[in-house]
Structure formats: C-alpha cells, structure tokens
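Dear colleague,

I am handing over the structure we spoke about, and below it you will find my notes on what turned up in it. Please read them with the structure open beside you.

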Amino acid sequence: MSTVSISELKTNLSRYLREVRRGGEVQVLDRGAPVARLVPAAATDNGGARERLIGAGLLRPGDGATAAALDRPTLTLPVSISEALIEDRTDRL
C-alpha cells in the first residue's frame, strides 16, 4: 500500500488512480495522519464481479457436474488424431 500526502495526491492523481486500477491501495495522509484510503471499486462492492455477471445474465454458474465428467473413461478412436490431421492437411500442401 502506498502512502501519500494530500498535496502529492493532487499533483499526481492520475498516477495513483492507475495504481488503484491495477489492484493497489493508496493511503492519504493529512499532516501525517491517515484520512482516507483509495481502493479499487470492486474491493468495496458487496457482490463481486462474478455475482454481478450472474445477475446480469452474462455468466451461468456451474452445477458441480464437472467432476463426474472427469471420471468417465477416455474416448478411444479408430484412428489417431495426428494421423487424421496429417491426412486432412495433405491436400493443402
């Protein structure tokens, strides 16, 4: 966490805002005493980014069935994938 005086913050506000956007925090001092802290907006949000995306309908949470899919046996094919790829590309060479 960076510590900065009010005058330094006013002079270099863009620099400190870039730092906060990247996930950092900036503590603001007035005559050596802390008076404020700048933190990323997502850090102060009650719901996280994931919850906002779910609420907006842009993200669908998983149902936990992934583990079951990983337990299934691997698929066996009559031809190797590399052979099929080579055969597919021979007409392009």
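Tyrosine 16 is a good place to begin: in this predicted model, and setting aside neighbours within four places in sequence, tyrosine 16 is in contact with Val4, Glu8, Leu9 and Val26. Three of those partners return in the largest nonpolar core, which consists of six residues, namely Val4, Leu9, Tyr16, Val20, Val26 and Val28. Helix H2 (13-21) and strand S2 (26-30) are the elements that contribute two or more residues to this core. As a general background, nonpolar side chains in soluble globular proteins tend to be buried together.

The sheet comes next. It is an open one, built from three strands in the order S1-S2-S3 with mixed pairing. Strand S1 (2-5) and S3 are at the edges and have a single partner strand each, so that one side of each is left without a neighbour in the sheet. On average, and ignoring direction, neighbouring strands are turned by 30° against each other. The pairing of S2 with S3 is antiparallel and runs over five bridges, and leucine 29 stands opposite proline 34, a residue of S3. Helix H2 lies across S1, S2 and S3, and runs at about 140° to S2.

How many salt bridges are there? The count comes to three.

One of the salt bridges joins glutamate 25 and arginine 37, with N and O 3.6 Å apart. Because glutamate 25 lies in the loop between H2 and S2 while arginine 37 belongs to strand S3 (residues 33-38), this pair ties together parts that are twelve residues apart in sequence. Glutamate 25 counts as partly exposed at 29% relative accessibility, whereas arginine 37, at 52%, counts as exposed.

Another salt bridge links arginine 15 to glutamate 8, where the closest N and O atoms are 3.8 Å apart. Arginine 15 is partly exposed, with a relative accessibility of 44%, and glutamate 8 is likewise partly exposed, with 29%. Glutamate 8 is also one of the residues in contact with tyrosine 16.

There is also a salt bridge between aspartate 30 and arginine 31, whose closest N and O atoms are 3.6 Å apart. Here aspartate 30 is partly exposed, with a relative accessible area of 32%, while arginine 31 is exposed, with 80%.

With kind regards

Methods: Residues numbered from 1 in each chain as written. Predicted model: local features only at pLDDT ≥ 70, side-chain atom pairs only at ≥ 80, totals over all residues. Heavy atoms only, no water. Core = buried A, V, L, I, M, F, W, Y, C linked by side-chain atoms within 4.5 Å. Buried < 20%, exposed > 50% of the residue type's maximum accessible area, 1.4 Å probe, protein only. Helix = DSSP H or I, 4+ residues; strand = E, 2+ residues; numbered from the N terminus. Contact = heavy atoms within 4.5 Å. Salt bridge = Lys/Arg side-chain N within 4 Å of Asp/Glu carboxyl O. Pairing = 2+ DSSP bridges. Axes fitted to C-alpha atoms, helices over the stretch in contact; angles between N-to-C directions.
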